[in-house]
Structures are given as C-alpha cells and as structure tokens.
Amino acid sequence: MPIERSPLWSGWQTVAVVVLRERWNELLPGSAPLADDLVARYVERNRRAYRDQYLEAVLDALDSLIQLSTDPTSVRLAAWFHRAVHQPGGGPAEDAESSARLVEQTLPAYGVDPIRIAEVARLVRLTGKLATPPTDSYAPPRRDANGDVLLDAVNGILATAPARYAAHASEVRRDAGDRTAAIGRRYDEVRVLLDGHLYRTQLARQRMGALARANLEAELNGLDSELPAPWRGWQQAALAATATFSAIAAAVASIAAAGAPWQVPTVEPEAGWPPVALAVFSLFCAPLLFRTSRSASQRARLIAGTVVAVAVTGLLVAWAKVPVTNPAVGVGLRVPLVISALLLLLLAGTAALVASLLRTRNARFLPTRNLGQQLSWLAVPGVIALLLLLVVQPIARGYVLGSNERSEGPHGPAGQMPASLLDGGVTWVSRALTSAGAEEAVGTKYGIAVPRQSGVVEMLDAATGELRWRYSRSDSDEKPDIVATGNGEYVLAEFADVGYLLLDANTGKRKAAWPGSTRDHSIQQADPLLTGQRVARGSDKLYGVDPDGGSRWTFEPGRCTDIGAVATSQTVVAFLGHSCGSEPDEMAGLDLKSGKKLWSKSPTDMYRRPVVVGGLVVVAEPGGDSDVPVALVAIEPRTGETKWRWPVPANWSCRTLLKSAGRLLIVVDCPGPESQQNTKTVVTAIDAQTGQTAWQTTAPVDPRSRVAVTADGRVVSLGGSSSGGCAANIIDSTGFRRIALPTGISCSRDPVAIGNLVLTSGPAGVIALH
C-alpha cells in the first residue's frame with residue numbers, strides 16, 4: 001500500500017503539484033495515490049535541495065533522450081523515484097539506496113511486474129554512483145542503454161538555464177550543512193565533473209555538453225572566490241616563473257659569453273654572433289614561455305617543445321665544438337657560459353612544457369593573486385640568481401681552471417737544501433728553464449719554485465736542481481708572480497687573467513683557487529698571509545687571509561686611509577696614513593687570528609720600510625725628505641711599545657736597506673756625504689733583542705748593486721772581476737772578500753738567497769753557487 005501523506009499545498013506548491021501530476025498521467029494506470037505521494041516528497045517544506053524544479057529538469061532531459069532506452073517505462077519510474085527519499089545533507093549513495101527500497105516497497109501494490117520492479121530499483125541504485133563516466137565510457141564492453149539514459153537525464157540539471165542551475169547549486173550547498181565544508185566539498189565535486197565526460201550518450205553530449213560545462217565552470221569560478229586559498233596554485237606560478245626567468249638568465253649568460261673567448265690564445269678572429277643570437281633568442285622566448293606555461297593548448301606545448309629541442313641541439317653542437325686542449329691551446333670562458341645559457345634555456349622550456357601539461361581546463365580558475373603564487377614569483381628569480389652566482393659561476397670557473405691546467409710530477413722526493421760556501425764553485429745548474437732566472441725564485445719546504453714566461457711554475461730540487469714537478473696553464477702565456485706561504489707548504493701563484501692559485505709545494509697539484517672577491521687583492525705579506533684592497537673613494541681594507549683565499553677578518557679603519565702592514569706569528573702591525581682632514585697618522589696592532597685591535601698610537605711621522613726580525617717589527621724613523629732614516633726603531637707587536645732605538649750615523653747617504661737574518665737585522669747603506677761619488681758599502685748587523693751592533697763591515701763595493709742576504713747574515717752581490725768575468729762580493733762578520741765565478745753567470749741579473757743557498761742566473765736558467 002502507498003504511504004499516506006498529508007501535504008499542505010498552497011500557492012506555488014499547488015502549481016508545482018499540478019505540473020508534476022500531469023507528467024505522471026498514463027505512466028502507471030491507477031496509481032494516483034503513488035503520484036501524490038512522490039510529488040509530496042519533492043515539495044515538502046523541510047527539503048532544501050532536489051525539489052520539484054530539480055525533478056522537472058530531470059524529466060525534461062529524459063524526454064529528449066528516452067528514445068535511446070529499451071524500457072522507457074522503467075527509466076521514467078526510476079527518474080521519479082531516484083531522489084524521492086532525501087534527508088538534509090544526504091549524499092547520492094544514501095538517497096539512491098533509500099529510494100530503491102521505496103521502489104521495492106510501493107510498486108508491488110500497483111501490479112507492477114516484479115522484473116520491472118527489479119529493473120527500476122537497479123536503475124535507482126545506479127544514480128548513487130553519479131560520478132563522471134569512466135574514460136572508456138564511449139565504448140564500454142556492454143552497453144546499458146537504460147542506465148546511460150537515466151544517468152544522462154539526472155545530469156541534465158547541469159544543462160539548464162544558468163539562473164536555474166545557479167539556484168540548484170546554491171540549494172545543494174545549503175543542504176550540505178556547514179558552509180565552508182560544503183563549499184570545499186562542492187569545489188572538489190565540480191572539478192571531478194569537469195575532468196570527466198559528463199554524459200554517456202552521444203545525443204546528450206551534443207545537446208547538453210556545452211551548456212553543462214559552461215554552468216559548471218561558472219559555478220567553479222564562484223566557488224573559487226569563496227574558498228580560502230592562500231597557497232593554491234603556487235606550483236603553476238613557480239613553473240611559469242621558472243620558465244620566464246630562466247630564459248632571461250640564459251640571455252644574461254649569453255651576453256657575458258659574447259665578451260669571452262671560445263679558446264685561448266685566440267688563433268684567429270672568433271665569430272661573435274652565436275652568443276648574441278642565443279641572447280636574442282632567449283629574450284624572445286621569455287614572454288613566449290610565460291604565455292605557454294599558462295595555457296593547456298596543443299600550440300603552447302608545441303612551442304615549449306621547440307624551445308627544448310633548440311636547447312638540446314645547441315648543447316650537442318657546443319659540446320662537439322669544445323676546443324681540444326694542449327699545452328698551447330686552452331678552453332676559453334665562452335665555452336662554459338654558452339653551455340650554461342643553453343642549460344638555462346632547456347630548464348625554461350622544460351618548465352613551460354610541464355606547466356602546460358599539468359594545466360587542465362579548470363586551472364584558469366586558480367586564484368590569480370594569493371600568497372603562494374606571489375611568493376613563488378618572488379622566490380624563483382632569487383633562486384635563479386643564486387644559482388647563477390653560487391653554482392653556475394663557480395662551475396664555469398672551475399671548468400676553465402681544470403681544463404686548462406696540467407700538472408706533471410712529482411719526480412722523486414725532495415732533497416735537503418745545501419748551504420753555499422761561496423768558494424767560486426757551482427753546486428748545480430737547472431735544466432730546461434730557458435728564460436727563467438733566479439730573480440723570481442722562492443724557497444719552500446720541498447724545493448725552489450721558479451716561474452717561467454709561458455705560464456709555468458716549476459719546482460726544482462734544492463739539492464740537485466733537477467725538476468721535481470711542473471704546473472702549466474694553457475690560458476696564460478705570461479710569467480706568473482709567485483710567493484711561498486703556509487710555512488713553505490704552498491706556492492701561491494698569480495696568473496694573468498686567472499687570479500691566484502694555491503699549489504701544493506710538494507706535489508704541484510692545485511689545492512685551491514681564490515674566489516673572485518679576493519683573487520685581485522694585493523699581497524702585502526706572504527707568510528703570514530696578509531692582503532690589501534685599494535679603494536678609490538673611502539678607506540682601504542686589510543684582510544687576514546688563509547692560503548685558500550678565505551678571509552678570516554677584515555680591517556677597515558675609516559675614510560681616506562692608506563694601509564700598510566707586516567705580521568709576526570701572532571700579531572699584525574698596521575700603518576695607517578690619513579690623507580684627508582687633520583687626523584694624524586697612526587699605527588695599530590691587530591690580532592693575527594681574529595683581527596681584533598690590540599693597540600694604537602700616533603707617531604710624530606709615519607715609519608717606513610717595516611721588517612720583522614726576531615719577533616719584533618723594526619721600522620725606519622724618517623729623516624725629512626732623505627731616504628736615510630734618522631734611526632731604526634724596534635716595536636713590540638703585542639703592545640706597541642718601543643723595544644729599542646738605534647740611531648743611524650749621520651754620514652750615511654744611500655737608501656737604507658733592512659733585511660732579516662734570523663735574530664740579526666742586516667742594515668745595508670753607504671758612508672760618505674752625498675756630494676761625493678759613493679763607492680763603498682757599509683753593512684751593519686744589529687742584535688734584534690738588544691738593539692746593539694753585533695758587527696759592522698765597510699767594503700769597496702758599489703752601493704747601487706742589488707744584494708742578497710743569507711740566513712746566517714752574509715751579504716752577497718755580483719760585480720765585474722779584474723779578469724773581465726763575474727765575481728761575487730761577500731760581506732759578513734769576518735770582513736769582505738771577492739771570488740771569481742765560473743763563466744756563464746750573468747752579473748746583470750740579481751742574486752737571490754734562499755736560506756743559506758745563493759742562486760744566480762745564467763743563459764740556461766738557475767745556478768746554485770757552491
């Protein structure tokens with residue numbers, strides 16, 4: 001028996017009842033009570049969704065599709081029953097199951113065939129799974145004509161007039177309960193619908209597909225504006241920003257590559273148009289990829305794929321054209337810069353392609369301005385800039401450094417450094433050192449390092465003069481400047497257009513390359529290592545530097561200040577000259593490890609020619625405009641106190657030379673008034689601890705001769721002998737002596753003392769005196 005209901009119909013409800021009752025006529029003869037009951041269910045007052053307007057839309061859609069069904073009566077009955085039972089907030093599955101049971105309870109009373117009842121109940125239960133059709137729904141293995149028609153009719157509400165659909169959507173959200181949760185749930189449901197086919201039958205797709213999709217997109221747009229979405233869409237924004245700014249970064253790298261050589265040295269004029277063309281192409285791609293990453297069209301994907309293909313092709317061509325390095329030819333900086341630009345362009349095209357592939361039709365409804373997307377657009381260019389500065393630039397420089405260097409050796413262990421007796425003999429003569437002399441040689445713990453004109457540093461065994469190792473660069477054909485540092489463990493070599501490279505004194509392997517910010521600093525002292533930086537405006541800077549170029553500390557005293565400094569094993573003494581204002585010049589003591597200022601004082605005049613002797617800093621106290629100081633002053637570096645003062649004789653007239661020899665300060669000058677031609681040299685040894693004269697010797701040696709001072713205090717210079725050859729002049733505590741040197745030694749080139757070994761130069765290279 002039908003369920004007895006007492007609906008209170010009035011006004012529009014009466015109209016709705018009349019319209020619906022007319023549609024029921026002739027569907028099931030003798031079933032007026034059932035019709036009244038069903039209509040009452042759809043128009044009852046406590047129902048907030050799926051009301052009579054909804055049922056009318058479903059029945060209208062069914063009328064246009066019913067010819068596709070095999071059992072129209074069963075389909076129509078299922079359409080009437082599918083939402084007959086509905087509780088506020090109830091979902092399709094719960095409603096469909098309750099309504100199917102209602103079918104099974106009520107239809108037998110009206111003489112409906114059990115087979116039809118089962119079919120109607122089955123069809124009603126199908127509406128509980130009203131999600132989008134599966135991907136193979138266009139050609140399923142077994143057609144369900146009745147089910148397809150019913151489900152398409154139920155989804156016919158999607159294709160109603162926009163105002164009517166908006167009212168239905170609003171009722172559904174209101175019926176769901178909590179507003180925020182309902183909006184979020186409905187947003188997900190609509191996106192799922194839009195990602196599917198919406199309709200199962202071809203007729204429904206043709207008649208209702210376009211309007212249904214437009215209604216859903218409009219609803220999604222409205223829902224999107226109501227949802228709190230501070231981060232939604234950041235992935236798409238990040239990909240779009242990556243595509244745009246990577247292309248711009250590729251253009252920047254290409255412009256930098258245009259000013260760099262492809263190979264060094266450049267044998268013939270290189271074509272400059274390829275990097276320029278790459279820069280123009282990259283700049284053109286930046287706005288193009290921005291639009292591409294925001295579109296899901298086939299054209300957008302084709303454009304992004306083309307950029308990827310161009311970048312890959314360019315990488316293959318560039319890799320094939322990389323110069324083959326040898327001792328005479330090296331790789332220029334253009335090679336890594338062009339490759340970096342092409343990699344950035346590849347990243348840009350790939351990001352745009354991925355963004356286009358991930359974008360669906362409803363992605364346009366992502367929030368246009370939210371926190372996540374704004375942060376993505378701000379963060380991506382910063383990340384790319386850091387990538388260029390911290391990754392691309394170091395890798396490019398490292399590639400050039402590694403590709404252009406060659407290290408040979410070491411050949412055998414290091415020998416013991418002998419002492420020169422200076423008896424007129426030769427201990428050894430170096431081999432294969434054409435154009436290299438002793439003037440630039442430096443001593444290390446593992447031998448004698450000598451630079452060569454062709455961008456080469458060679459380490460000679462101190463005992464034999466044999467080559468221990470050779471380090472050479474293809475990208476430098478000038479003689480490097482070298483110093484020993486790290487207590488003789490390293491050779492620090494400055495190559496033109498390359499910078500400072502730290503070489504292991506034992507093996508010749510490169511240990512470090514000074515970073516760009518420090519490689520151009522001038523070396524003020526090699527061991528301990530201090531560097532300075534000249535500033536055009538403002539204050540010069542002083543740095544305490546590790547051998548690998550890392551600065552431990554920076555000392556910047558103030559504006560208009562020139563800085564000179566020397567260091568002991570623990571302390572730096574800095575000499576500060578103020579070139580503007582009335583502020584007096586000063587000296588300051590700094591801790592070598594931390595750079596902390598220990599003391600400062602202002603002398604009456606700035607000291608000159610500082611030298612470290614026996615842990616003290618000895619300076620020349622100036623005497624007006626003369627190069628001869630008034631006195632020599634020893635300063636305790638930790639406190640700044642004056643340890644002793646040694647007056648310089650008034651009759652000295654040459655530029656005073658100060659050299660350290662262990663605990664002795666060797667002072668070289670010339671006696672006699674300036675009005676006479678000076679032909680003598682006076683050498684004085686001062687005990688660094690007491691300031692007392694240890695010995696003094698005057699010798700008939702040209703005071704203009706360059707001298708070398710050994711570790712035991714001998715002063716050696718070269719000059720002509722009576723026989724027309726070259727002779728060595730030795731001044732020490734025992735007096736003066738002159739010895740003839742073997743043929744082949746050049747007196748025009750300066751001698752060098754490394755420890756107690758004296759080196760001179762010959763046509764074949766370096767010569768060690770016995």
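**Cavities, sheets and a kinked helix**

Visitor: Which element gives the largest share of the lining of the second largest cavity?
Guide: In this predicted model, a cavity is a set of points on a 1 Å grid over the protein atoms alone where a 1.4 Å probe fits but cannot get out, and its lining residues have an atom within 4 Å of a point. T681, V701, V707, V715, V716, S717, N729 and I731 line the second largest cavity, and the elements giving two or more residues to that lining are β30 (715-720) and β31 (726-732). The largest share, 3 residues, comes from β30.

Visitor: What volume does the second largest cavity have?
Guide: By this rule the count comes to 2 cavities of 30 Å³ or more. A volume is the space filled by probe spheres set on the grid points, which are joined across faces, edges and corners. For the second largest cavity that volume is about 40 Å³.

Visitor: Which residues count, and how are they numbered?
Guide: Local features need pLDDT of at least 70 and side-chain atom pairs count only at pLDDT 80 or more, while totals for chains, interfaces and linings use all residues. Side-chain values use heavy atoms, with hydrogens and water left out, and residues are numbered along each chain as its sequence is written, starting from 1.

Visitor: Which element gives the most to the lining of the second largest pocket?
Guide: A pocket is an open set of grid points with protein on both sides within 12 Å along at least five of seven lines, and the second largest one has a volume of about 850 Å³. Of the 37 residues that line this pocket, L333, R397, V400, D497 and R519 are the closest to its centre. Both α11 (234-258) and α15 supply at least two residues of the lining, and the most, 9 residues, come from α15.

Visitor: How far apart are the end C-alpha atoms of helix α15?
Guide: Helices are DSSP runs of H or I with at least four residues, and strands are runs of E with at least two, numbered from the N terminus. The expected span of a helix is 1.5 Å times one less than its number of residues, so the 33 residues of α15 (residues 371-403) should span 48 Å. In agreement with that expectation, the end C-alpha atoms are apart by 46 Å.

Visitor: On which residue is the kink in α15 centred?
Guide: The bend at a residue is the angle between axes fitted to the seven residues ending there and the seven starting there. Several residues of this helix are buried, that is, under 20% relative accessible area with a 1.4 Å probe and protein chains only, including I384, V392, R397 and V400. The kink in α15 is about 35° and is centred on L388.

Visitor: Is G184 buried or partly exposed?
Guide: G184 lies in helix α9 (residues 179-195), and it is 394 residues from H578 in sequence and 71 Å from it in space, C-alpha to C-alpha. Exposed means over 50% relative accessible area, and partly exposed lies between that and the buried limit. Because its relative accessibility is 22%, G184 counts as partly exposed.

Visitor: Which residue of β26 is the bridge partner of A661?
Guide: Two strands pair if DSSP finds at least two bridges between them, and 5 bridges join β25 (residues 657-661) to β26 (residues 664-669) in the antiparallel sense. The hairpin has 2 residues between these strands, and G662 there takes a positive phi near 70°. In β26, S660 has L665 as its bridge partner, and A661 has L664.

Visitor: By what angle are neighbouring strands of the sheet with β25 turned against each other on average?
Guide: This open sheet has 4 strands, in the order β25-β26-β27-β28, with antiparallel pairing. The edge strands, each pairing on one side only, are β25 and β28 (693-699). With axes as lines fitted to C-alpha atoms and angles running from 0 to 180 degrees between N-to-C directions, the average turn between neighbours, direction ignored, is 20°.

Visitor: How many residues of strand β8 are buried?
Guide: Strand β8 (residues 467-473) pairs antiparallel with β3 (residues 405-408) over 4 bridges, with R470 as the partner of E408. It is also joined to antiparallel β7 (residues 456-460) by 5 bridges, and L467 is the partner of L460. Strand β8 is mostly covered, the number of buried residues among its 7 being 6.
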